[in-house]
Number of protein chains: 2
Amino acid sequence: MNARSSLHRSLRLPHDLPLESGAVLPRPMIGYETYGELAADGGNAILICHALTGDQYVASTHPLTGKPGWWTRMVGRGRPVDPARHFIICMNVIGGCMGSEGPASPHPDGDGCWGLRFPVITIADMVRAQAAALDALGIGRLLAVVGGSMGGMQALQWAAQYPDRVASVVAIATAARHSAQNIAFHEVGRQAIMADPEWQGGAYTAAGTNPARGLSVARMAAHITYLSEAGLTGKFGRNLQDRAEVGFGFDADFQVESYLRYQGMSFVDRFDANSYLYITRAMDYFDLATAHDGLLAPAFAATSARFCIVSFDSDWLYPTAESRRIVQALVAAGRHVSFVELSSPHGHDSFLLDAPTMNAVVDGFLRSGEGAAA
Amino acid sequence: MNARSSLHRSLRLPHDLPLESGAVLPRPMIGYETYGELAADGGNAILICHALTGDQYVASTHPLTGKPGWWTRMVGRGRPVDPARHFIICMNVIGGCMGSEGPASPHPDGDGCWGLRFPVITIADMVRAQAAALDALGIGRLLAVVGGSMGGMQALQWAAQYPDRVASVVAIATAARHSAQNIAFHEVGRQAIMADPEWQGGAYTAAGTNPARGLSVARMAAHITYLSEAGLTGKFGRNLQDRAEVGFGFDADFQVESYLRYQGMSFVDRFDANSYLYITRAMDYFDLATAHDGLLAPAFAATSARFCIVSFDSDWLYPTAESRRIVQALVAAGRHVSFVELSSPHGHDSFLLDAPTMNAVVDGFLRSGEGAAA
């Protein structure tokens, strides 16, 4: 990534942020990254929205892990979202732990960090914070909002909440609402965190403890939902880990156990347990139809945005049926929508992996919108 | 249930029990229940095998919960397995916690309970213990072995391990091996238990602690896998629990959260955390093909038993594809097999619920075997 214009940026919103709960977040911090240059007419701005455990480092090295950006396959030189022609912004969501205001941020009264005093937020609140940050950056209308998973929820929310402010929406591997099963898996993760005595009622920073074991279990449970059964079988099957026979004990005999344990342990080095509670809660609360008596189409009645909806056939977390439901609502609302179900063995995680067809679809969709705008 | 011949029975095996690991279990206790009377020729004995968190109280009141038996829809007067014509035995598996030798049993040397000193067991070990207990009860050949889920694994194992000792096998909602995804979910549960400081390295009884929170989280994660996405949506959807609007907090806003929490909390009152570790481990180790270079058919080469395989279309824990694999192996081995995939919205749990077609299938299969035997 050569064309980056900044690194590790953050800003404090000039105004307090009203929240859906009725609470107000006093002038929250927003951590963000940008790539490319804003065109003179401001018409080339693309907002990338991250998923549950993602962050603003979409195409730049993660400051804690040293790993490449989480979506360099989609964002970068020669990629569908390209700093050579787009001004790309990616912000850490509020409630997060990578520079935006969240439960691990200092409390405004100077009394330690927010902890559970942080107000419960929603996807709409995340989007409201992003819009306020874009105001502060002098960016009005977005050429596109692009996201997968929870990022796709934000992208859909953008069109509903700021119908005149976004020209194109790309929502990948996502849903317009969290299902009972989605909520159930999140609740297991939250209970795992809150069951850890080191969570200390959310005040672990003040207590000098760390609910790493609970957060690790939460991540393990969630991680299974990101992969398909076939993908797990193809990758691990019943293969043993560094041994010829089972060990008749509770060590990680199987590769899949070792893999999951690693996923859990490495996650806690880069993520805050309370942020996990708040962001999963925001996702569980997400249902674009709630404001319209359970009907989804009215959520898209006001926008003139074009939509690109992409699902993966092995994604059982946000299955294709949920994308079809979005497409039906969009068509019913008279919107222009391109819908593609892609085949992949990798389950929900497919959107983060090498998927040339996904790239071709997003590239074509974005270019056709740029052509129309030109 | 009127025709019970006994209650809360147990026996100590007259010999030590050799285990697959090479360890030996010194004269283990076996808790069991029986219903009906053994025919003079001993030809009407049916063994019911229970699932992961089941026990011997298949058709009698659970002594801890006071609830009816877990499979009164299948076992009872006028049911497919009927004490009016069958002598029905159901035993708690070794490693369990309802009367059979397990980690919560007293250690033979008198030094507290076994805890993690209990040897790791397998499905084959469970079946070997059952066979030894049947020897002690004077029961040779079984008219049938019947089980669902882990009970189905034991039923299949019976045919492979004691090919001349069982005439009919009924294996419902099960698999001949644990998949990578199956192992992954179990590993999450084990890690949740072992992450609980009150687990105390397995020595919680001696320590006077109780890893209830870890066990509860394990049960919650597992419980999701017992239900289908459609079933959860149909039963709970996004319905709120005793409130008109979300509470913007971490209480159980949604019915599905409240339901899961209840499932977790009530489970710990009747189940031992170490037993959960041992039995999930036994299931993960289960692969009938391992002894035959990865081929399943040879496992059924020696038996002359008839098989009835039943799956449910919404069961994603042990999906129909796994039953088809068993059927293919049975046919390849020249066995008689009846296979039925039933439609149900209730996922894996379907085998425990009201399923008239399942009952009709099992009833017809058992009666045709009895006719042949007569």
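Let's start with the domains. The assignment splits chain A into domain 1, residues 9–179 plus 287–373, and domain 2, residues 182–280. Keep in mind that this is a predicted model.

How far apart are the C-alpha centres of domain 1 and domain 2 of chain A? They lie 26 Å apart. The two domains do touch. Domain 1 of chain A puts 28 residues in contact with 23 residues of domain 2 of chain A. On the domain 1 side of that contact, we have 14 nonpolar residues, 13 polar and one charged.

Now the two chains. Chain A brings 42 residues into contact with 42 residues of chain B. Which elements of chain A give two or more residues to that side? Five helices: H3 (180–195), H5 (212–226), H6 (229–235), H7 (255–267) and H8 (273–285). H3(A) has the largest share, with 11 residues. As for chemistry, the side of chain A that touches chain B has 23 nonpolar residues, eight polar and 11 charged.

Next, symmetry. Turn chain A by 180°, with a shift of 0.0 Å along the axis, and chain A lies on chain B with an RMSD of 0.0 Å. The two copies are therefore related as by a two-fold rotation axis. The contact residues fit that picture. Both copies use the same surface, and 100% of the contact residues of chain A recur in chain B.

To recap. Chain A has two assigned domains, with 26 Å between their C-alpha centres. In the contact between chains, H3(A) gives the largest share of the chain A side. That's it from me.

Notes. Residues are numbered from 1 along each chain as its sequence is written. Chains are lettered from A and ligands numbered from 1 in the order in which they are written. This is a predicted model: local features need pLDDT of at least 70, side-chain atom pairs count only at pLDDT 80 or more; totals for chains, interfaces and linings use all residues. Two residues are in contact if their C-beta atoms, placed from the backbone, lie within 7 Å. Helices (H or I, at least four residues) and strands (E, at least two) are DSSP runs, numbered from the N terminus. Ala, Val, Leu, Ile, Met, Phe, Trp, Tyr, Cys and Pro count as nonpolar, Asp, Glu, Lys and Arg as charged, and the others, Gly among them, as polar. Domain bounds come from an automatic or database domain assignment. Copies are superposed by least squares on the C-alpha atoms of residues with pLDDT of at least 70 in both.
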